[in-house]
2 protein chains.
Amino acid sequence: MLDCAIIGGGPAGMTAGLYATRGGLKNVVMFELGMPGGQITQSSEIENYPGFFEHGKTGMDFMNTWQEQTFHFGLKHEMKKVERVAKSGEHFVVTLEGGESIEAMSVIVATGSTPKRANFKGEDEFFGKGVSTCATCDGFFYKNKPVTILGGGDTALEEALYLSNICSDVYVVHRRDAFRAAPPTLERVMKKTNIHLITDSIIEEAYGGMMGLDGVKIKNIKTGEITDMPNTGLFVFVGHDVNNSVLKDADGTFICAVNDWGQVIVDLSMKTNVEGLFAAGDIRIEAPKQVVCAASDGATAALQVIAYIQERS
Amino acid sequence: MLDCAIIGGGPAGMTAGLYATRGGLKNVVMFELGMPGGQITQSSEIENYPGFFEHGKTGMDFMNTWQEQTFHFGLKHEMKKVERVAKSGEHFVVTLEGGESIEAMSVIVATGSTPKRANFKGEDEFFGKGVSTCATCDGFFYKNKPVTILGGGDTALEEALYLSNICSDVYVVHRRDAFRAAPPTLERVMKKTNIHLITDSIIEEAYGGMMGLDGVKIKNIKTGEITDMPNTGLFVFVGHDVNNSVLKDADGTFICAVNDWGQVIVDLSMKTNVEGLFAAGDIRIEAPKQVVCAASDGATAALQVIAYIQERS
């Protein structure tokens with residue numbers, strides 16, 4: 001029986017593992033099929049993680065030290081995919097791909113969310129090198145420069161407003177002729193003289209070279225016309241998939257309370273409505289989607305797990 | 001008129017300043033009378049801040065890089081003491097010591113809390129060098145070694161349980177003959193064979209040398225007997241002062257909702273019940289009192305401030 005099963009190995013899961021083991025829990029496993037680190041390993045530069053400020057250091061550099069720290073206190077890493085988490089009496093059953101199952105006294109779910117791809121040419125090639133899905137993280141790299149946004153929902157327009165404070169011009173490319181965003185958001189966007197809406201259009205191609213993205217080609221899907229937008233950063237906001245499938249029962253219902261978007265409902269202590277089950281990072285409601293916030297969630301959840309296990313021993 | 005006034009310059013205030021300015025706010029001031037960094041600058045070693053893991057680095061080393069980053073994006077630092085924050089119509093008035101006042105569209109209060117001192121000999125001398133007020137931070141440095149705790153409330157006994165998982169023996173020194181902690185907590189403490197309760201006693205002295213604390217002398221206040229406890233770490237849990245005085249009106253009432261302990265009530269977005277007023281770090285309810293959590297609060301509050309100001313411009 002594990003003291004705690006941590007599902008997911010991004011900043012939230014890693015910090016949960018660090019705090020749980022450094023706090024004296026002996027039998028803690030982090031389940032992560034890939035390399036620990038999460039989305040951040042794809043970033044070419046980081047300058048907003050508090051205390052970490054070395055010019056030119058990439059997300060991967062950053063993660064090397066972090067990984068060493070994560071496993072220093074006895075956290076175990078299982079490179080296995082978790083299929084499902086279920087509560088069985090007082091404890092939990094974690095079912096792995098292939099059918100193996102493991103019991104745990106507590107579970108921290110930190111499987112995050114995955115920004116959807118728009119599937120244009122060059123999107124994968126320049127991801128993290130000029131193509132971004134996080135304005136808060138990468139907007140400042142385009143201070144007083146033009147940027148292009150792909151998307152027409154609330155997030156796309158909210159991020160356009162955020163970027164309009166930093167960048168010289170913000171071009172919002174949307175494939176429809178109208179925006180789905182909330183009317184007050186759209187109103188504020190219309191008032192900004194440096195936000196330009198380009199409707200009925202898609203990104204045809206992101207192009208560049210060894211140094212990263214150089215520009216994008218925008219295609220009007222009604223006229224077929226292609227416009228070149230050189231020297232721009234590109235932000236893609238076409239939605240997120242919340243990685244909550246491990247919290248689904250065999251019959252498709254969630255084992256804990258989630259909101260309409262499938263994000264796990266937690267309180268300030270990262271408790272879900274199921275005793276012993278905690279959520280941390282981008283999978284939870286109102287997640288700011290920042291590394292430091294995910295890490296904080298992981299620490300908070302692990303401290304709660306330690307207290308939870310104390311209460312039962 | 002400031003875009004945002006940040007009150008306090010610990011990890012929460014610094015991160016709020018970093019995120020607010022990097023997010024494009026032009027006129028952001030952090031009010032901190034002392035050196036930015038907060039309590040953490042008093043730590044002799046840090047190993048639980050995610051991503052920061054260099055043996056022997058002190059809290060002060062850590063803060064040097066962090067300070068550079070904090071002010072890199074245009075945050076201003078006013079080395080002045082804030083007396084009071086008041087809402088006046090749509091905006092806030094921040095009154096400084098001496099009577100000067102400054103207007104701000106939004107305020108992030110990040111003044112933290114201060115662990116109370118017990119006032120025994122050697123307490124200040126060895127603070128951060130063997131005398132600690134944070135089990136989560138410093139417990140691991142005493143893995144399989146004995147530690148002494150001073151205090152008899154809930155926190156003292158909860159931290160005793162936390163430390164009992166890590167340390168060989170935990171001696172809890174309490175000046176009364178009974179404990180004020182909640183009965184279930186006390187029950188769990190009684191069941192732990194490596195927690196030893198020493199009642200009717202105080203810490204007479206913490207002693208040591210250049211390398212830090214060596215041990216403590218415990219005095220039974222009924223018999224006057226002094227017991228030497230060599231080779232121990234000392235954790236002092238005699239309460240916290242929540243630094244909320246800036247949130248008090250002239251008549252002593254709080255301008256926002258606080259709980260019975262004077263901690264500011266916030267939601268997951270660090271919003272208080274007053275529009276435009278946010279709280280971050282150890283001043284808020286349910287704060288885990290960890291650097292990474294305070295930093296996360298600061299980032300969250302700053303992102304909310306940016307959206308709040310967008311909505312009003």
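Q: Why does B:E100 count as partly exposed?
A: The model is predicted, with local features needing pLDDT of at least 70, side-chain atom pairs counting only at pLDDT 80 or more, and totals for chains, interfaces and linings using all residues. B:E100 has 42% relative accessibility. Buried means under 20% relative accessible area, exposed over 50%, and partly exposed in between (1.4 Å probe, protein chains only). The value of 42% falls in between, so B:E100 is partly exposed.

Q: What makes B:K80 and B:E100 a salt bridge?
A: Their side chains meet at 3.5 Å, N to O. The rule asks for a side-chain nitrogen of Lys or Arg within 4 Å of a carboxyl oxygen of Asp or Glu. The distance of 3.5 Å satisfies that limit, so the pair is a salt bridge.

Q: Which parts of chain B does the pair of B:K80 and B:E100 link?
A: B:K80 sits in the loop between β3 (76–78) and β4 (82–88) of chain B. B:E100 sits in the loop between β5 (91–96) and β6 (101–104) of chain B. The two are 20 residues apart. Strands are DSSP runs (E, at least two residues), as helices are (H or I, at least four), numbered from the N terminus.

Q: How do you know that A:E100 and A:K80 form a salt bridge?
A: Their closest N and O atoms are 3.5 Å apart. That is within the 4 Å limit, so the pair qualifies. In chain A, too, the pair links distant parts of the chain, 20 residues apart. A:E100 has 40% relative accessibility and counts as partly exposed. A:K80, at 32%, also counts as partly exposed.

Q: Why is A:D124 called exposed and A:R117 partly exposed?
A: A:D124 has a relative accessible area of 56%, over the 50% cut-off, so A:D124 is exposed. A:R117 has 35%, between 20% and 50%, so A:R117 is partly exposed. The two residues form a salt bridge, with the closest N and O atoms 2.4 Å apart.

Q: How many salt bridges does a search of the whole structure find?
A: The search finds 22 over all chains. Two of them cross the interface of chain A and chain B.

Q: What makes A:E47 and B:R22 a salt bridge?
A: The N to O distance is 2.9 Å. This is within 4 Å, so the pair meets the rule.

Q: What is known of the polar contacts between chain A and chain B?
A: There are 26 residue pairs in polar contact, both residues at pLDDT 80 or more. A polar contact is a pair of N or O atoms within 3.5 Å; within protein, one must be able to donate a hydrogen and the other to accept it, and residues adjacent in sequence count only if both atoms are side-chain atoms. On the side of chain A that touches chain B, α6 (291–311) is one of the elements giving two or more residues. The largest share, 10 residues, comes from α6(A).

Q: How many residues does the contact take from each chain?
A: It takes 55 residues from chain A and 55 residues from chain B. Contact means heavy atoms within 4.5 Å.

Q: How confident is the predictor in chain A?
A: The mean pLDDT (confidence in each residue, from 0 to 100) is 95. In chain A, 100% of residues reach 70 or more. The model scores ipTM 0.93 and pTM 0.94. Residues are numbered from 1 along each chain as its sequence is written, chains are lettered from A and ligands numbered from 1 in the order in which they are written, and side-chain values use heavy atoms, with hydrogens and water left out.
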